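Morning, everyone. I'll walk through one model today and pick out a few residues along the way. Have a look at it first.

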Amino acid sequence: MLYRENGQFKTSYASDQQIFPIAQDRLGILLLIAFAAVVVPMVASEYIFRAILIPFLILSLAALGLNILVGYCGQISLGTGGFMAVGAYAAYNFFVRIEGMPVVPALLLGGLCSTAIGVLFGIPSLRIKGLYLAVATLAAQFFIDWSFLRIKWFTNDSASGSVSVSGLQVLGLPIDTPAAKYLFCLAFLCVFALMAKNLVRGNVGREWMAMRDMDVAASVIGIRPVQAKLSAFAVSSFIVGVAGGLWGFVHLGSWEPAAFSIDRSFQLLFMIIIGGLGSIMGSFFGAAFIVILPILLNQIPAWLGVPISTATASHLEYMIFGALIVFFLIVEPHGLARLWSIAKEKLRLWPFPH
């Protein structure tokens with residue numbers, strides 16, 4: 001009976017259009033953010049930060065950007081890893097070539113560069129869609145990989161093709177400990193999640209969803225396909241580019257083009273499919289599933305005392321991981337976010353059966 005709307009009356013349009021119209025939701029989100037910002041840095045170990053929390057936050061941000069394009073606008077993309085690479089390498093060049101460049105503006109400028117590339121490769125979406133658009137974005141992935149591997153200017157003339165950053169700080173505060181890196185990524189994720197939630201609730205988000213559901217009918221009622229599709233590519237690429245910069249600057253510290261290969265693009269696509277297409281919360285669920293599950297699959301045999309070799313554990317991880325993905329897609333095609341929505345509806349209606 002703690003999760004009910006009885007007595008929560010709306011007296012204005014603004015109160016009715018809140019992001020979280022139920023008071024329990026607002027309180028729960030505030031408590032969750034406070035727990036993540038205050039309690040987690042005090043109790044989590046360095047391994048938890050490096051192996052789980054920081055990758056989860058950054059991949060959640062990247063999945064959020066991809067979900068805007070695929071889940072809300074219906075434009076299939078297989079080049080997300082390439083757009084992450086653009087954000088990472090552009091931020092790196094701004095950071096090392098401009099004396100005194102702060103890290104936050106460098107990351108945002110890297111996101112803007114990713115936006116430009118995303119819009120450029122999003123132009124084919126005005127004429128093609130479905131599998132053909134997926135192939136076009138896949139070509140973007142291969143072209144971007146080739147560019148950063150062959151054009152030495154992007155890597156500051158590095159002979160090995162590997163780049164690295166150090167001495168990160170914000171407002172004079174160093175970002176050198178796992179807890180500081182975690183809080184830095186958490187701040188980015190909270191800001192961009194709030195921005196994305198407001199975008200999909202407004203006129204822009206309704207245009208995206210109209211294009212996703214039926215683009216011909218959307219154009220008939222006055223929605224311009226050029227503006228809707230390219231704006232989705234722009235917003236998605238910007239968020240993904242910033243996530244790529246965080247992945248390189250904060251999580252890796254030193255990276256090469258292989259860090260943003262086609263495997264990364266497929267990983268992000270699996271995240272939003274498992275978590276739930278067209279759902280902000282689904283991006284978080286999918287990222288948690290992808291990050292935590294392989295670690296659990298590696299640790300469970302040791303917990304059970306079953307001696308298996310490293311190679312066998314690696315193969316079992318891929319087999320079980322794939323089987324679970326297929327299982328979730330069969331049981332709930334709309335992703336884990338749909339299961340979460342069903343649970344919330346049952347709480348709101350309990351104990352009534354209808």
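Let's start with a question: which residues of H7 are buried? There are quite a few names here, so bear with me: Pro178, Lys181, Tyr182, Phe184, Cys185, Leu186, Phe188, Leu189, Phe192, Ala193, Ala196 and Val200. Note that a lysine, Lys181, is among them. As for the helix itself, H7 runs over residues 178-201, which is 24 residues. From its first C-alpha to its last, H7 reaches 34 Å, close to the 34 Å expected at 1.5 Å a residue.

Before I go on, keep in mind that this is a predicted model.

Okay, the overall picture. We've got 14 helices and 4 strands in the protein. Its radius of gyration comes out at 21 Å, close to the 20 Å that the globule rule gives for 354 residues, so the protein is as compact as a globular protein of that length. Along the principal axes, the C-alpha trace spans about 65 × 60 × 45 Å. Of the 354 residues, 44% are buried. And if you take contacts with a separation of 6 or more, 75% of them come from residues 24 or more positions apart.

What about the surface? The protein exposes about 18,200 Å², and 70% of that is supplied by carbon and sulfur atoms. On the charge side, I count 21 positive and 16 negative side chains, with the centres of the two sets 7 Å apart.

Now for some individual residues, beginning with Met84. You'll find Met84 in helix H4, residues 80-97. Is Met84 buried or exposed? Its relative accessible area is 0%, so Met84 is buried. Which residues does it touch, once we skip anything up to four places away in sequence? For Met84 the list is Ala62, Val240, Gly241, Ala243, Gly244, Gly245, Trp247, Phe260, Arg264 and Leu268. Take Arg264 from that list: Met84 and Arg264 are 180 residues apart along the chain, yet their C-alpha atoms are separated by 9.1 Å.

Just past that helix there's Met101, in the loop between H4 and helix H5, which covers 103-122. This methionine sits in a loop, and Met101 still counts as buried, because its relative accessibility is 15% and the cut-off is under 20%. Leaving aside neighbours within four places in sequence, Met101 is in contact with Phe94, Phe95, Ala106 and Leu109.

Next, Ser237, whose place is in helix H10, residues 225-252. Ser237 has a relative accessible area of 1%, so this serine is buried. Again setting aside neighbours within four places, its contacts are Phe83, Gly111, Ser114, Thr115 and Gly118.

One more from the buried side: Leu293, in helix H12, residues 280-304. Leu293 counts as buried at 12% relative accessibility. Beyond four places in sequence, Leu293 is in contact with Ala288, Phe321 and Leu324. Leu293 and Leu324 are 31 residues apart in sequence, and C-alpha to C-alpha they are 9.8 Å apart in space.

Let's turn to the exposed side. Val216 is in helix H9, residues 215-220. With 54% relative accessibility, Val216 counts as exposed, because the cut-off is over 50%. How far apart are the C-alpha atoms of Val216 and His251? The answer is 43 Å, for two residues that are 35 apart along the chain.

Last one, and do find it on the screen: Leu171. Leu171 is in the loop between strand E2, 169-170, and strand E3, 173-174. Its relative accessible area is 84%, so Leu171 is exposed. And the backbone? Leu171 has a positive phi of about 55 degrees, although it is not a glycine.

That's my tour, so over to you for questions.

Technical notes
Residues are numbered from 1 along each chain as its sequence is written. This is a predicted model: local features need pLDDT of at least 70, side-chain atom pairs count only at pLDDT 80 or more; totals for chains, interfaces and linings use all residues. Side-chain values use heavy atoms; hydrogens and water are left out. Helices (H or I, at least four residues) and strands (E, at least two) are DSSP runs, numbered from the N terminus. The radius of gyration is taken over C-alpha atoms; the globule rule is 2.2 Å times the number of residues to the power 0.38. Buried means under 20% relative accessible area, exposed over 50%, partly exposed in between (1.4 Å probe, protein chains only). Contact means heavy atoms within 4.5 Å. Accessible areas come from the Shrake-Rupley method with a 1.4 Å probe; for residues, only the protein chains shown count as cover. Lys and Arg count as positive and Asp and Glu as negative; His and the chain ends are not counted. The place of a charge is taken as NZ of Lys, CZ of Arg, CG of Asp or CD of Glu. The expected span of a helix is 1.5 Å times one less than its number of residues.
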